[in-house]
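Got the viewer open and a selection tool ready? Let's take a walk through this one, stop by stop.

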Amino acid sequence: MLVLPQTPPSLVSLLTEKLLTLIPDDHRRIQTVAEVISEVREPIVVRQPLEENEIRRKQVKLAEVKVGILEAKQALEECISNQEFNRAAELKDSITDLENLRNNILQEENTQQDDKEAETRMEKTDPETLLRCLTMCVELLKQMNIKTRIGPTMSALLSSLILPSISNAQPAVRNMAVVCLGTCALHSKDLVNTHLVLLLQIAQLDEAKIRISALRAVIDLLLLYGFTLLSERPSAAPQTSHSPANQEDQGEGEEPEEGSSTTQSILMMLSDFLDSEVSELRTETAEGLAKLMYSGRISSAKLLSRLVLLWYNPVTEDDTRLRHCLGVFFQLYARESRAHQEVVEECFLPTLQTLLNAPASSPLAEVDVTNVAELLVELTRPSSLIKPGDTQEVSAHDHLAVRVCGEMLKDPSAPEVRLYAKVLNSLELSADGNTTRDLVTLLQQVTQEVKDRIALRALEKLIGQLQDSNNQPDLSTTTLQPVDVNTEDDLDQSAKRPGERKPSTVKGAKKSSRSAESSEESDGENVPDSVPVPRPSRRAKTAALDKTRLDLSALLHQEANTS
């Protein structure tokens, strides 16, 4: 069915897939598909014998050629005798052409002397035939084991079918040839070294559909081999004009040195594709970068910031696939490891600064910066890790708190200090005593510089919470104290330090934090803070309950005697 020309092109892929499922061995698969491709591309053509009229016509033509040769030779002799050498040179060329034509006619007569039918193979180069052959080749490469190397048969198909088809005039043929080339390169590092530059050029210069196919091939090669493959080959990357701000190739383990021009060119090309007007190309690039970052092939805070901005950009609102892909990626990437959370923490401030500095004409000006900050805070939360670490260790939120405080100290009068203060209050800080003391010192320095009242309230609230958590006694190492003594002391302390979190109960702390947050949303005037009344501790409740119990044993004994 694959060999028959009547088989529709839409069935070629399915038929090839079913054929290959019946053949378990890769070498037999390659041999079978190569034979089918040969039959399709070079079919046997039956040549019918010439009719008598055709034979007579050729004989007349041969006689005319012979007469023309004789006349030309006679004219040549006359020109030589008359010393007309220019004319003689022209006649000599015409005689040569006539003799070649005579030889061709005689050769055709010799090959068709027999009246029997003759069979011969004729190569077909029409786009439909090439597309059929390339489709079968793609299905073969899909079914092959990734460990199967490129042998002589596949090398012959590569040189005779795939590479010539890349320069074909038909876009569909070129696209299928690019897919074949990229899939072949997955089986051979030598092919990557030879044809990677070609794939990069196609990804930038051809039609949108073909560019996407080339981009997928490049992403797959980087996922399989990593960027170390680029450091092993001579630098021959295509020259592109890009911003140097995007040149970042800080990778894990197997990443090449920063001086690799090929690596920088690829990363700059991918970064530029994120701004492409072709939505399919933009989405494919974002998905490819997400795969590379999640697999650990690259680790770049700048590229992650670009993905976050792309996810929030109103331009991509209708791109469901892009939004879904990045939404899943952010959660999986941040929860995977502490190192990934550090990358997210590193991109926090650059992302917010980009949004805050976006001009009014930019779509990013419509993005809610607070929502972006909340997302990044949630992604870096230590408790969200798949394997949470020790709460005493310095977490990504601790580093983020220091970064945010440093940003507030740079410009204490900036309008975004309120946002930074809100971010600081939403962080999940570690319980390490030294870290807490250092952070309290830094926060106190910030409060001396910041003049915004709402931000100051939030900072003072955080300082109080950190001081309470640092000074809170360990109940496991202390003995129980009389309950009645603590009630008045708690009231005196609360009157001296309004708005400070009490270590008595968690519920009381939450209630006071809610009242502090509601006061932050006011107009910023000097509104006196209400003194939070602490709720009695559990021990106080138990003691009070014991006092209210009546000793009924004597009354019950008296009733028993009277009865």
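Start by selecting Leu98 and whatever touches it. Setting aside neighbours within four places in sequence, Leu98 is in contact with Val65, Gly68 and Ile69. Keep in mind as you look that this is a predicted model. Leu98 belongs to helix H4, which covers residues 85-111. Now pick the C-alpha atoms of Leu98 and Val65: they sit 6.3 Å apart in space, with their positions 33 residues apart in sequence. Is Leu98 buried, exposed or something in between? Its relative accessible area is 24%, so Leu98 counts as partly exposed.

Next, go to Gln83. You'll find Gln83 in the loop between helix H3 (52-81) and H4. Check its backbone: phi is positive, about 60°, although Gln83 is not a glycine. Gln83 has a relative accessibility of 59%, so this residue counts as exposed.

Zoom out for a moment and colour by secondary structure. The protein comes to 25 helices and 2 strands. How much of the protein is buried? Of its 563 residues, 40% are buried. Looking at contacts with a separation of 6 or more, 74% are between residues 24 or more positions apart.

Now for some helix pairs. Select helix H5 (residues 127-143) together with helix H7 (residues 171-185). Their axes are 9 Å apart and the two pack at an angle of about 25°. An angle under 35 degrees counts as roughly parallel, and therefore that is how H5 and H7 are described. H5 passes H7 in a left-handed crossing. Show the side chains to see who makes the contact: from H5, the residues include Pro127, Leu130, Leu131 and Leu134, and from H7 they include Ala172, Val173, Met176 and Ala177. Which classes of residue make up this contact? There are 14 nonpolar residues, 2 polar ones and no charged residues.

Move on to helix H9 (residues 208-225) and H12. These two pack at about 5°, with axes 10 Å apart, which makes H9 roughly parallel to H12. On the H9 side, the contact is made by Arg211, Ile212, Leu215, Arg216, Ile219, Leu222 and Leu223; on the H12 side, by Glu280, Leu281, Glu284, Thr285, Gly288, Lys291 and Leu292. Colour this contact by class and you get 7 nonpolar, 2 polar and 5 charged residues.

The next pair is H13 and H16. Their axes come within 9 Å and cross at roughly 45°, which makes H13 oblique to H16. The crossing is right-handed. Display Ser305, Val308 and Leu309 of H13, then Pro350, Thr351, Thr354 and Leu355 of H16, and you have the residues that make the contact. The classes here are 4 nonpolar, 3 polar and no charged residues.

Stay in the area and select helix H15, residues 338-346. Which of its residues are buried? They are His340, Gln341, Val343, Val344 and Glu345. To see what covers the buried residues of H15, add the surrounding helices: H12 (279-294), H13 (301-312), H14, H16 (348-356), H17 (369-379) and H18 (396-410) are included in that cover.

For the last stop, show the aromatic rings. A pair of aromatic rings is described by the distance of the centres and the angle of the planes. How many aromatic pairs does the structure hold? There are 4. One of them joins Trp311 and Tyr312: it is edge-to-face, at 5.4 Å centre to centre and 75° between the planes. Turn on the surface and compare how these two residues are classed. Trp311 has 21% relative accessibility, so it counts as partly exposed. Tyr312 has 19%, so it counts as buried, because the cut-off for buried is under 20%.

Then click on Phe329 and Tyr333. This pair is tilted, at 5.2 Å centre to centre and 35° between the planes. Both residues lie in helix H14 (residues 320-336), 4 residues apart, which is about one turn of the helix. Both Phe329 and Tyr333 are buried. Finally, add Phe330 to the selection: Trp311, Tyr312, Phe329, Phe330 and Tyr333 form one aromatic cluster.

Key:
Residues numbered from 1 in each chain as written. Predicted model: local features only at pLDDT ≥ 70, side-chain atom pairs only at ≥ 80, totals over all residues. Heavy atoms only, no water. Phe/Tyr/Trp six-rings, centres within 6.5 Å; stacked < 30°, edge-to-face > 60°. Buried < 20%, exposed > 50% of the residue type's maximum accessible area, 1.4 Å probe, protein only. Axes fitted to C-alpha atoms, helices over the stretch in contact; angles between N-to-C directions. Parallel < 35°, antiparallel > 145°, perpendicular 65-115°, else oblique. Left-handed = near helix turned anticlockwise from the far one by under 90°. Contact = heavy atoms within 4.5 Å. Nonpolar A, V, L, I, M, F, W, Y, C, P; charged D, E, K, R; others polar.
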